[in-house]
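Hi everyone, thanks for coming. I'd like to walk you through one structure today, starting with its aromatic rings and ending at its ligand.

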Amino acid sequence: MNREQRARAPGKLLLFGEHSAVYGYPAVGVALDRYLTVLHTPGARWSVTLYNGGDTPAREPFPQADRFFAHLTRTIIRCDPAGESNSAHSTKRPVPGHLQVWSDLPIAGGFGSSAALCAALARIFHPGEYNPIADWAIAHELEHFFHGTPSGIDTGLSTLGGAQAFSFFRPGELPEARECRLPSMHLVVGSIPRATDTKSLVTGVRRRMEDSPDTTMRYMEQLGELSRSVTAVADQSPVDVATFASTANAAQEILRELELSTPTLDNLLSGGREAGALGGKLSGAGGGGAFYLVCETEAAVDRVAEAIREALKREQITATALFSMAV
Ligand code: MEV
């Protein structure tokens, strides 16, 4: 593969099941209509340029780029059945080169930018027919670089797209994904800067699990149960919007107890609810980052988005994203 290759993959909005998915409980999410794009230009050495929206390279360098390229090479070889035994000469060894990365998603903002990067790279370096399940497995392996114990739900949404319900059957394996039916609703979706990254937040929950296993496991079970309660697959009817929204409020309460929310996030969510949203919660790893509010009508969307803008002004925070989507 010695020619330029381009691939893009969508970000995700987790609706239910963040953190509890790491412990094998079900989760539900939806792929966003916002993408991360990678262009690979073959060359003698690996290098990478991240762009912030336009054509100006981002100021932050790609974290530990050399280690990432080594991980990428190992992962692609490992995914070639003939590659392991002869890794130095494997035909599936990815050709090095320059990676240019453009993102419509705020980086590390809770919308799965790292999963989308892994999904786009899987698409570029996984030769052969388009096979989203095989790409998911590669993207999942790549995602381990960014946080040691991904559940697979972020890369699942990025490679499979649409709305997906995830169920785990065997520890350490990828979950099963099924297309999920959601109530028809409008979401006001936003993201605020995070003080900490996914890896630290997932580690924080693991520490809690070690310090107070009974309470923490109960919270995980409850988060999983809330996720299961809104899951409708195949010919099942989706729950109604009000039930979906109150389930989001219940999940947010538990995530708050787990110290995954922040006072700012709580204020934005309560401001949105006061303006007419039926419910809402953080989305993704937390600590700031992404959130969503559930609205029944488009008129409510405008009021809620305005309330969020006002609350951001009061909190003197610039959102890294604020948009609405119809589900
Ligand atoms: C991060 O978007 C979601 C987490 O549940 C981690 C994971 O599932 O890998 C916090």
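What follows is a short tour of ring pairs, charges over rings, and ligand contacts.

Before we start, please keep in mind that this is a predicted model.

Let's begin with the rings. A pair of aromatic rings is described by the distance of the centres and the angle of the planes. How many aromatic pairs does the count come to? The answer is 12. Take phenylalanine 62 and phenylalanine 146: their ring centres are 6.3 Å apart and their planes stand at 75 degrees, so this pair is edge-to-face. For those of you who like cut-offs, centres have to lie within 6.5 Å, and planes over 60 degrees apart count as edge-to-face.

Where do these two rings sit along the chain? Phenylalanine 62 is in the loop between strand S3 (47-52) and helix H1 (65-78), while phenylalanine 146 is in the loop between helix H3 (132-143) and helix H4 (153-160), so the pair ties together parts that are 84 residues apart in sequence. As for exposure, phenylalanine 62 is buried, with a relative accessible area of 13%, and phenylalanine 146 is partly exposed, at 22%.

Phenylalanine 146 also forms an aromatic pair with phenylalanine 68, and that one is tilted, with 5.4 Å from centre to centre and 40 degrees between the planes. Here again distant parts of the chain are linked: phenylalanine 68 belongs to helix H1, and phenylalanine 146 to the loop between H3 and H4, 78 residues apart. Is phenylalanine 68 buried or exposed? Phenylalanine 68 is buried, with a relative accessible area of 1%.

Zooming out a little, ring pairs join Phe62, Phe68 and Phe146 into a cluster that also includes Trp46, Phe69, Phe125 and Phe145.

Next, charges over rings. Arginine 8 lies over the face of tyrosine 35, 3.6 Å from the ring centre. Lysine 281 does so over phenylalanine 16, at 5.5 Å from the ring centre.

And now the ligand. It is surrounded by 13 residues, and the closest are Lys12, His19, His147, Ser151 and Asp154. Which atoms come up to the ligand's oxygen atoms? Lysine 12 has a polar side-chain atom 2.9 Å from a ligand oxygen. With histidine 19, a backbone N or O atom lies 2.8 Å from an oxygen atom of the ligand. Aspartate 154 places a polar side-chain atom 2.7 Å from a ligand oxygen. Taken alone, the ligand exposes 300 Å², and the protein buries 97% of that.

That's my tour, and I'm happy to take questions!

Notes:
Residues numbered from 1 in each chain as written. Predicted model: local features only at pLDDT ≥ 70, side-chain atom pairs only at ≥ 80, totals over all residues. Heavy atoms only, no water. Phe/Tyr/Trp six-rings, centres within 6.5 Å; stacked < 30°, edge-to-face > 60°. Helix = DSSP H or I, 4+ residues; strand = E, 2+ residues; numbered from the N terminus. Buried < 20%, exposed > 50% of the residue type's maximum accessible area, 1.4 Å probe, protein only. Lys NZ or Arg CZ within 6 Å of the ring centre and 35° of its normal. Near = heavy atom within 4 Å. Polar contact = N/O pair within 3.5 Å; in protein donor to acceptor, adjacent residues only side chain to side chain. Areas by Shrake-Rupley, 256 points an atom, 1.4 Å probe, with all protein chains shown as cover.
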